[in-house]
Amino acid sequence: MPYVNGMVVAVPNANKEAYIRMARAMVPLFEKHGALEVVDCWGVDVPPGKVTSFPMAVQCKEDETVVFSWITWPDKATADSGMEAAMSDPAMGEMGDFPFDGARMIFGGFERI
């Protein structure tokens, strides 16, 4: 059953190009380890909520934009092993610091229905 790792982050607007470069570099890395698809989306219409919302979840600041991303894998086992392999791949270490605050990232794994 297809499996998806999803992520939401707040990226400083000044780091948009750096985020895009990082995202493009991540695609072949995740594909090398079994990913079927890697998608990154820059927020355009992501309103704040009254109780909860994407901006509230990642504590988005005025000079930041919410980014929504996901990786599709053939199944959970491939996702687990592929994510672990990608994170320990030397290419990951060569990417440097992420252009966002990883402490405010939300993420999870999902089975497609």
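Strand 1 and strand 4, residues 106-111, run antiparallel and are joined by six bridges. A word on terms: strands, like helices, are DSSP runs numbered from the N terminus, with E over at least two residues for a strand and H or I over at least four for a helix. Two strands count as paired if DSSP finds at least two bridges between them. In this pairing, Val8 stands opposite Ile106 of strand 4.

Before I go on, this is a predicted model, and local features need pLDDT of at least 70, side-chain atom pairs count only at pLDDT 80 or more, and totals for chains, interfaces and linings use all residues. Residues are numbered from 1 along each chain as its sequence is written, and side-chain values use heavy atoms, with hydrogens and water left out.

Strand 1 also pairs with strand 3, residues 64-73, in the antiparallel sense, over ten bridges. Two of the partners in strand 3 are Val67, for Val9, and Thr65, for Val11.

How covered is strand 1? Nine of the ten residues in strand 1, which spans 3-12, are buried; that means under 20% relative accessible area, with exposed being over 50% and partly exposed in between, using a 1.4 Å probe and protein chains only.

Now the sheet as a whole. The sheet is open, with four strands in the order 2-3-1-4 and antiparallel pairing. Strand 2, residues 37-42, and strand 4 are at the edges; each has a single partner strand, so one side of each has no neighbour in the sheet. On average, neighbouring strands are turned by 15° against each other, direction ignored. For angles, axes are lines fitted to C-alpha atoms, for helices over the stretch in contact, and values run from 0 to 180 degrees between N-to-C directions.

Two helices pack on this sheet, contact meaning heavy atoms within 4.5 Å. Helix 1, residues 16-32, touches strand 1, strand 2 and strand 3, and its direction makes about 170° with that of strand 2. Helix 3, residues 76-88, touches strand 1 and strand 3, at about 120° to the direction of strand 3.

Last, the cysteines. With a disulfide taken as a pair of cysteine sulfur atoms within 2.5 Å, the count is zero. Why is Cys60 not bonded to Cys41? The sulfur of Cys60 is 15 Å from that of Cys41, the closest cysteine sulfur, and this is too far for a bond. Cys41 is partly exposed, at 29% relative accessible area, and Cys60 is also partly exposed, at 25%.
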